[in-house]
Amino acid sequence: MIVAESIGFSATHSISEILSEVPGYEVSHGSQHFVEKCPIGQGSQSVNDFIDSMAASDAAGNRAVAVHTLFPPQDLKPVCQAAGGDYWLLVREPVAQIESCFAWISNGVLSGNPGHFQHVLKASLAELARIGAPVNLPNACYYYAMNHVLSYNLVALGMETPVRRMEDLLSDEAAFRAAFAVPETGESPHFQGDEVHRAAHRS
């Protein structure tokens with residue numbers, strides 16, 4: 001089993017789509033329920049049950065992969081590794097990852113999502129005032145994006161989690177195959193000229 005953990009904003013949709021086309025792979029994306037694969041917030045398993053479900057999929061002859069679970073690294077990594085799984089952090093060039101998050105949170109706020117607006121206010125206003133930055137909506141959203149991306153990544157890095165870069169995985173077939181243990185016989189349209197990469201959050 002492989003957990004490619006990520007806060008997001010690093011082509012997790014595209015990577016999951018590419019893997020889903022490889023025969024024998026069972027892939028969950030943006031879910032904390034490996035069996036139901038429902039979106040985060042619409043049902044979840046415990047960390048132990050999630051890994052047990054991945055192990056059951058492996059035992060049934062599949063290659064189980066979970067991308068972008070958003071379980072805290074300090075909770076999921078040790079359980080995954082104890083079960084013999086491979087756990088690593090999927091990142092993107094840092095400014096690009098932050099700006100993708102900024103696009104996502106800004107769109108949510110401007111679309112009237114009350115939850116997004118509350119998260120931005122809670123995370124940003126006091127900090128902007130503390131550092132003497134202008135307290136306005138663009139700065140608040142950008143500060144939120146920086147904190148959201150970097151705080152998650154730094155927790156994982158502090159646990160000495162291996163890192164793989166989105167840019168490498170999508171441009172280098174050998175790197176993609178190595179990251180997800182894709183056999184040479186497993187063809188993918190992405191690396192045959194029929195790319196599926198799409199940006200879920202445009203900056």
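How are α4 and α6 oriented to each other? To find out, select helix α4, residues 94–110, together with helix α6, residues 137–158, in this predicted model. The two helices pack at an angle of about 130°, and their axes lie 8 Å apart. They are therefore oblique to each other, since an angle is classed as oblique when it falls outside the ranges under 35, 65 to 115 and over 145 degrees. In passing α6, α4 makes a right-handed crossing.

Now display the side chains at this contact. On α4, select Q97, I98, E99, C101, F102, W104, I105, S106, V109 and L110. On α6, the partners are L137, P138, C141, Y142, Y144, A145, M146, H148, V149, L150 and N153. Coloured by class, the contact of α4 with α6 shows 16 nonpolar, 4 polar and 1 charged residues.

Keep α4 in view and add helix α5, residues 114–131. Here the packing angle is about 120° and the axes are 7 Å apart; α4 and α5 are therefore oblique to each other. The crossing of α4 past α5 is left-handed. The residues to select are W104, I105, G108 and V109 on α4, with H116, F117 and V120 on α5. By class, the contact of α4 with α5 comprises 5 nonpolar, 2 polar and no charged residues.

Next, move to helix α3, residues 73–82. Which residues of α3 are buried? They are P73, L76, K77 and C80. Because these residues cover an arc of only 100° around the axis, they are on the same side of α3. An α-helix has 3.6 residues a turn, so residues three or four places apart point the same way. To see what covers the buried residues of α3, show the surrounding elements, including β1 (2–5), α2 (47–59), β4 (86–91) and α6. After α3 comes G84, which has a positive phi, near 90°.

Finally, select V3 in strand β1. Is V3 buried or exposed? V3 counts as buried because its relative accessibility is 0%, where the cut-off for buried is under 20%. Leaving aside neighbours within four places in sequence, V3 is in contact with I51, M54, A66, L76, C80, D86, Y87 and W88. Two of these contacts, L76 and C80, lead back to the buried residues of α3. As a last step, draw a distance between the C-alpha atoms of V3 and A59: the separation is 16 Å, for residues 56 apart along the chain.

Key
Residues are numbered from 1 along each chain as its sequence is written. This is a predicted model: local features need pLDDT of at least 70, side-chain atom pairs count only at pLDDT 80 or more; totals for chains, interfaces and linings use all residues. Side-chain values use heavy atoms; hydrogens and water are left out. Axes are lines fitted to C-alpha atoms, for helices over the stretch in contact, and angles run from 0 to 180 degrees between N-to-C directions. Helices (H or I, at least four residues) and strands (E, at least two) are DSSP runs, numbered from the N terminus. A crossing is left-handed if the near helix is turned anticlockwise from the far one by less than a right angle, and right-handed if clockwise. Contact means heavy atoms within 4.5 Å. Ala, Val, Leu, Ile, Met, Phe, Trp, Tyr, Cys and Pro count as nonpolar, Asp, Glu, Lys and Arg as charged, and the others, Gly among them, as polar. Buried means under 20% relative accessible area, exposed over 50%, partly exposed in between (1.4 Å probe, protein chains only). The arc is that of the directions from the helix axis to the C-beta atoms.
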